[in-house]
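The following paragraphs are meant to be read with the structure open. Please keep the sequence at hand as well.

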Amino acid sequence: MTAPITPLIAGNWKMNGTSVSLGEVRNLADRLAAGTPPRCTIVICPPATLLERLSEIAGPAGIVTGGQDCHTATSGAHTGDVSAAMLADAGAQYVIVGHSERRTNHAESDATVRLKALAAMAADLIPIICVGETEAERDAGEAGSVVVDQIAASIPAEWTGKGIVVAYEPVWAIGTGRTPTSADIAQMHLTIRRELETRFGERGSAVRILYGGSMKPSNAAEILAIANVNGGLVGGASLLANDFHAIISAV
Ligand code: PGA
């Protein structure tokens with residue numbers, strides 16, 4: 001029998017937030033202090049410009065932080081990029097890699113995502129490795145095989161340090177207000193769990209598998225209750241303390 005998995009709720013701010021947004025984190029910290037202790041790990045992944053300041057506010061409130069992407073290299077001539085070590089230096093403990101917006105906007109392949117996950121581990125960060133099918137792939141009945149292939153090629157064969165997190169994010173559900181049915185989420189998360197167990201044995205049983213894509217206060221409790229859903233990767237609803245706190249409370 002493996003130990004129960006502590007759920008993880010991660011907020012992905014994407015390209016949103018300036019100094020003013022730090023007020024939302026203070027607000028969230030106040031809510032957490034006033035209520036019952038959360039039953040999950042809470043992560044906020046702000047833009048890199050806010051990471052250090054946000055980490056300082058979040059830390060005392062028991063909230064950890066993460067980056068939204070990292071380069072595959074540790075340093076060098078890569079104008080505009082940020083390395084995993086830089087994120088760690090700014091206070092991050094996690095980093096999202098392979099988000100569908102990176103895969104689409106920056107043509108990131110599974111092979112690149114895998115190298116980013118390795119770079120994250122080398123910097124002692126936990127990579128949140130994202131996978132998910134497009135709407136056309138789902139309509140064609142290929143969702144399961146697409147995700148299995150992404151898992152095979154994006155997750156390094158070996159992982160060291162603090163482990164990995166996998167986020168299943170159907171591309172068509174991101175920012176659209178649409179979500180898969182609970183049965184579809186359950187089926188995909190079971191598929192992912194089996195893949196992880198086949199490859200990594202008991203360690204695969206302990207990996208947190210997050211659901212992401214239009215998670216919000218009104219659907220969080222239902223989604224988080226599904227077997228093998230060990231938390232959420234939350235975009236839009238993580239920007240306001242009110243909504244994000246409601247999702248944390250739904251765990
Ligand atoms: P959303 O984004 O919650 O706004 O749909 C989720 C994500 O892209 O991580």
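K14 is found in the loop between β1 (8–12) and α1 (22–34), where helices (H or I, at least four residues) and strands (E, at least two) are DSSP runs numbered from the N terminus. Although K14 is not a glycine, its phi is positive, at about 55°. The model is a predicted one, in which local features need pLDDT of at least 70 and side-chain atom pairs count only at pLDDT 80 or more, while totals for chains, interfaces and linings use all residues. Residues are numbered from 1 along each chain as its sequence is written, and side-chain values use heavy atoms, with hydrogens and water left out.

K14 also leads to the ligand, since a polar side-chain atom of K14 lies 2.7 Å from an oxygen atom of the ligand, a polar contact being a pair of N or O atoms within 3.5 Å, for which, within protein, one must be able to donate a hydrogen and the other to accept it, and residues adjacent in sequence count only if both atoms are side-chain atoms. An N or O atom in the side chain of H99 is 2.6 Å from an oxygen atom of the ligand, whereas S214 brings a polar backbone atom to 2.8 Å from a ligand oxygen. Of the 280 Å² of accessible area that the ligand has on its own, the protein covers 94% (Shrake-Rupley method, 1.4 Å probe; for residues, only the protein chains shown count as cover). In total 13 residues surround the ligand, the closest being K14, H99, E169, G175 and S214, with a residue taken as near if one of its heavy atoms lies within 4 Å.

Helix α8 (residues 182–200) has 19 residues and reaches 26 Å from its first C-alpha to its last, close to the 27 Å expected at 1.5 Å a residue, a span reckoned as 1.5 Å times one less than the number of residues. Its buried residues are I185, M188, H189, I192, R193, L196 and F200, buried meaning under 20% relative accessible area, exposed over 50% and partly exposed in between (1.4 Å probe, protein chains only). These residues lie on the same side of α8 because they cover an arc of only 140° around the axis, taken from the directions from the helix axis to the C-beta atoms. The face turned away from that buried side carries the exposed residues A183, Q187, R194 and T198.

A second positive phi, near 70°, belongs to N228, a residue other than glycine, in the loop between α10 (217–224) and β8 (231–234). N228 has a relative accessible area of 22% and is therefore partly exposed.
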